[in-house]
Structure formats: C-alpha cells, structure tokens
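This briefing goes through the ligand surroundings, the sheet and two helices in turn. Please keep the structure open beside the text while reading.

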Amino acid sequence: MKTTVYWTEDSPRPTDLPISPLPETIDVAVIGSGYTGLHAALALRKAGASVAVLEQRTIGWGASSRNGGMALTGLKEEMPAVCKRYGEALGRAFWEWSLASIDHVERTIAEEDIDCNFERSGHMLLAFKPSHFERFGEEVRWFHDVLGYDDLAIVSRSELRSEIGAQGYYGGLLDFRSAGLHPARYVFGLAQAAARRGALLVEHTSLKALSRTRLGFRLVTSNGEMSAREVLLATNGYTTDVVKPLRQGIFPIGSYIIVTAPLPADLQRELSPRRRMFFDSKHFLNYFRLTPDGRMLFGGRHDLSTSLDLVKSAQKMQARMVEVFPQLAGAPVTHSWSGNLGAALDLMPHAGRVQGVHYAVGYAGHGVAVASLLGKEMGEVLAGRRTSTLFAQINHPRSPLTPYDQLYLPLVSAYFRLLDRIS
Ligand SMILES: Cc1cc2nc3c(=O)[nH]c(=O)nc-3n(C[C@H](O)[C@H](O)[C@H](O)COP(=O)(O)OP(=O)(O)OC[C@H]3O[C@@H](n4cnc5c(N)ncnc54)[C@H](O)[C@@H]3O)c2cc1C
C-alpha cells in the first residue's frame, strides 16, 4: 500500500503547466492554489486584472487534489439549522446559492474544456440508526415546505438493494442534484485554464508576512518579496497565523481516505449500481464512492487530528469499509492519504475582509462546489465587479483560543463520539 494520493498518481500535475517566477508587483496576489484560489484567479483575469497565485507546495497540492470528489448540494451545516440561525429568507438564499455552486462547477468544466469525469450521479445520505431514517421523512417535507425543493427521494431499507450492496443501513435519502468528479483532474484543469488566461502560477512560495503600504501590500515569501494592490487568502485548512484574526476563526481537521485496487465490473455493480456519492448520518461519518476506474474510495475521520499515521489509519478505515461492504474483505487497499479540512467555529463558509486582506475559507469538508463559486465571487469582489458575497452578511465568530486546536479537538472528538452513541 502506498501512503500517497491516488488521484494525483492517476492524473499527475501536467508537466506543461506554465510555472512563473515570483513577480515584483501584481494587482492581486492569491495565496493558495486550490479551487478557491484558482476560481478567483479565473474571475480576476476575465475582468482584466493581473494576478499571481502563490502556492507553498505544488499547484493544487492541498485538499483540492485529495478529496472525495463529491460536489454536494447544501452546506456543511444542515439547512434547518442555517434557517433557524439566520432566518428563512437568508437560509433559502444560501440553499439556492449552493445549487448554483454545482451549476457553476458544471459550467466552468464545459467552458474551459476540463476533462474530470463530472457526472450528476446524485448523493445518498445513509441512515446509521432507525431513528435517523425516521427523521428523513420530516426532512423531505421541510425541504418542500420551506425551500421549495423536491429533488429528494426516500429509499426504505427494503428498497436499498437497488442503490447499494450494503446491509447495515436503515434506509437512505437521495438528492439527485449532487455530482461526482475527479478532484485532481478538476484542479489541474482549472490551473491550466487560469494560466491560459494569463494568471501567473508560482510554486514553492509560502507567504510568511504581510504589511500595508501606501498602494497596497508588501508580501514577504519564502522565495523573495513582492508588492500587490490586493491580497486574497485562499488557504482554508492550511491557514496559518500570517493574518491572525483569520486563524482565530478557522481550525484544521484531518480527513483520511483509502482506495482499493480496481474491482471487477460485476462487484462494482453490486456495491453501487448507480455510482452515487454516499455518506452516512453519523457525526464521525464515512463517505464513499466508486472512482471513475472502478475502485472503492472510502473516507472519514478517526478523530479530528491532522497527523495520524497513514498505515494505522488505513487499517482502521479498511476494517470499517469491510463492515459496510463484507464483499470487500479480500480487496487489496492500494493507497492511503489524508488532507486538511478548514472548519469555522460556526461550521459556515466565511468570506470577507480583515485587516484589509480578503479571504474565503471554512468549507468544513463540503467545499468542492462551495469553494468553486465562493472563489469566483471573491475574484469578482477584488475586480470591482460585485460589492460583496452572501457569506459576508453573517457574523464570523473568532476566538484567541482557536489556534490551540491540538488542546481542544480531542475533547470535541470525545463529544462527537458520545453523540454518535446516544443520538
Ligand atoms: C480528504 C478530504 C476529503 C474531502 N472530500 C470532499 C468531498 O467529497 N466533497 C466536498 O465538497 N469537499 C470535500 N473536501 C473538502 C474540499 O476538498 C475543500 O473544501 C476544498 O478543496 C477547499 O479548497 P481551497 O482551495 O479553499 O483549499 P485547498 O485546496 O486546501 O488549498 C489551499 C492551498 O493553500 C496553500 N497554502 C496554505 N498556506 C499557504 C501560504 N502561507 N503560502 C502559500 N500557500 C499556502 C496550501 O498548500 C494549499 O495547497 C474534502 C477534503 C479533504 C481533505
């Protein structure tokens, strides 16, 4: 088993991707080369601004090439909770925005001719307990009554066989709008599109410090200094304290994935006849899907740590996968890897401006589509094409204690584990 990312082994960063040296000056410096940063760069180039994307490792290195490839409706925070917290009007706006985010991914892929296996396969939430399945009925009614959304279907335990070759779940809730894609092909396709439109891609360049100048910012990087009129931090789960208030609102969570070797076609059909994107109803949830080449990808969290041993985590993940799919008992696991999610204290995406620096972060494991549209919108804000985004309207909670995540995350893990036992 390799402890490297399967997606980037299958589709490595293109060797012809044009990489630039650090420019001396630029209109907008975008820090981070995932979906957020690259969509922002595309929007900025479309508006005629000069833009450099600075990446501490290689282009697309972060969560954007490591994820499950599920472009999902909604946000990480459940929609009833969003509506309760912000009111129904804003809640409805967030929901519609989330649907638009998947449309935006689909449109960008078509416009920029990105070959990344995008398919509206739908997602299925699987009930881990009978009481979770009972709630699905109420949820469908709520989505109809409050959000006017009807692209959902309940699948009872007896009907589940047509959706998944697993016995352990008590039913499912299908959402037909969600999609699946190949995350690495998507992020590298975005990088190629941004470069084609004139964005500078700068690798192995870590932002270390920022200061205000008369005309904008002076950036100190691991690779020299530069000036920019504006700066966008698109660093999500890898955010450091370069801009302290941003780090005080966001903390990293580790997410771990294994994939099997390609499975025989009849076993693929048995496990996932419609090739849905699956996740279950636990707090410490598992998510899984078939990859385009027919492997089972199985992911989740063991606790919230970002630094678990990838061999040990794979053993645990494989045991859980075989519990769900006993048919995979003999299937070899070929890759194990992890990546960082960025979560805000209120589990909402956050975008706005702090100490003069723009930012878009906090997708909490639900960022394939959300980061794509929010990145584009922040690019438009920086280009003066829009004044703000929906997410700037909400409060962004911050605490000086947030950066000490290693101290409190074990307690949060224990709490979630308890919730999974009792609720
Ligand atoms: C294992 C895993 C599975 C996931 N599965 C799903 C899924 O199925 N569906 C879904 O919707 N979401 C999923 N997510 C979340 C999704 O991948 C992220 O929300 C999304 O990719 C975030 O994109 P981003 O561009 O904001 O951040 P990233 O892609 O993480 O990019 C941030 C980049 O910033 C760079 N950086 C950080 N600091 C600096 C600095 N100082 N200087 C220069 N560069 C810097 C990093 O190196 C990194 O490359 C998953 C995440 C992980 C880790």
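Sorted by class, the shell around the ligand is made up of 16 nonpolar, 23 polar and 3 charged residues. The model is a predicted one, and the points below are grouped by topic.

**Ligand shell**
- Of the 42 residues that surround the ligand, the ones that come nearest are Gly 34, Gly 62, Gly 68, Gly 339 and Gly 367.
- At least two residues of this shell are supplied by each of helix 2 (35-46), strand 12 (250-260), strand 16 (333-344) and helix 10 (368-382).

**The sheet**
- Eight strands form an open sheet with mixed pairing, and their order is 5-6-4-13-14-15-12-16.
- Strand 5 (152-156) and strand 16 are at the edges of the sheet and have a single partner strand each, so one side of each of these strands has no neighbour in the sheet.
- From one strand to the next, the twist averages 20°.
- Strand 14 (residues 286-290) and strand 15 (residues 296-300) run antiparallel and are joined by 5 bridges, with Arg 289 standing opposite Leu 297 in strand 15.
- Helix 9 (residues 310-324) packs on the sheet, where it touches strand 12, strand 14, strand 15 and strand 16, and its direction makes about 95° with that of strand 16.

**Helix 11**
- Helix 11 (residues 405-422) has 18 residues, which at 1.5 Å a residue should span 26 Å, and this agrees with the 25 Å between its end C-alpha atoms.
- Helix 11 is also hardly covered, since the count of buried residues among its 18 residues is 0.

Key. Residues numbered from 1 in each chain as written. Predicted model: local features only at pLDDT ≥ 70, side-chain atom pairs only at ≥ 80, totals over all residues. Near = placed C-beta within 6 Å. Helix = DSSP H or I, 4+ residues; strand = E, 2+ residues; numbered from the N terminus. Nonpolar A, V, L, I, M, F, W, Y, C, P; charged D, E, K, R; others polar. Expected span 1.5 Å × (residues − 1). Buried ≥ 20, exposed ≤ 12 C-beta atoms within 10 Å, placed from the backbone. Pairing = 2+ DSSP bridges. Axes fitted to C-alpha atoms, helices over the stretch in contact; angles between N-to-C directions. Contact = placed C-beta atoms within 7 Å.
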